[in-house]
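Here are a few notes to read alongside the model, written for someone opening it for the first time. Have a look at the structure, then work through the points in order.

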Amino acid sequence: ICGAFGIASDGVSFGGGHINDTYRATKEGRPCVLQRINTAVFRNPDEVMRNIFHVTAHLRTKLTEAG
């Protein structure tokens, strides 16, 4: 999946958690973090991602309005 987005991942676990798996990766030489949603906990990942989109869009609007 990473290759389809131009992300290089060495598959190294980054931190730990009870809900998601987290991995270290690189995109265009810049470090980034990838998380895999645990579908046993989040049974509808599309809805999770849609919710994240709406929350961050709302925050972006508020920050833009605040200058």
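1. Let's begin with threonine 22, which counts as buried at 13% relative accessibility, because the cut-off for buried is under 20%. Bear in mind as you read that this is a predicted model. You'll find threonine 22 in strand β2. Its side chain makes a polar contact with the side chain of glutamine 35, at 3.1 Å.

2. Next, what does β2 pair with? One partner is strand β3: β2 (residues 21-27) and β3 (residues 30-36) run antiparallel, joined by seven bridges. If you want one pair to click on, take arginine 24, whose bridge partner in β3 is valine 33.

3. The turn of this hairpin deserves a glance too. Two residues sit between β2 and β3, and in this hairpin glutamate 28 has a positive phi near 50°.

4. Strand β2 also pairs with strand β1 (residues 7-13), again in the antiparallel sense, over four bridges. Here the pair to look for is serine 9, with alanine 25 of β2 standing opposite.

5. How many salt bridges are there? The count comes to one. The side chains of aspartate 21 and arginine 36 form a salt bridge, with 2.1 Å from N to O. Aspartate 21 belongs to strand β2 and arginine 36 to strand β3, so this pair ties together parts that are 15 residues apart in sequence.

6. Are the two salt-bridge residues buried or exposed? Neither label fits: aspartate 21 is partly exposed, with a relative accessible area of 31%, and arginine 36 is partly exposed as well, at 48%. Both get that label because their values fall between the cut-offs of 20% and 50%.

7. Now for the pockets. The largest pocket has a volume of about 260 Å³. Which residues line the largest pocket? They are Ile1, Cys2, Phe5, Ile7, Tyr23, Leu34, Gln35 and Arg36. Two names from earlier points turn up again: Gln35, the contact partner of threonine 22, and Arg36, from the salt bridge with aspartate 21, are both part of this lining.

8. Which strand gives the most to that lining? β3 does, with three residues. Sorted by class, the lining has six nonpolar residues, along with one polar and one charged.

Key. Residues numbered from 1 in each chain as written. Predicted model: local features only at pLDDT ≥ 70, side-chain atom pairs only at ≥ 80, totals over all residues. Heavy atoms only, no water. Pairing = 2+ DSSP bridges. Salt bridge = Lys/Arg side-chain N within 4 Å of Asp/Glu carboxyl O. Buried < 20%, exposed > 50% of the residue type's maximum accessible area, 1.4 Å probe, protein only. 1 Å grid on protein atoms, 1.4 Å probe; cavity = no way out; pocket = protein on both sides within 12 Å on 5 of 7 lines; lining within 4 Å. Points joined across faces, edges and corners; volume = space filled by probe spheres on them. Nonpolar A, V, L, I, M, F, W, Y, C, P; charged D, E, K, R; others polar. Polar contact = N/O pair within 3.5 Å; in protein donor to acceptor, adjacent residues only side chain to side chain.
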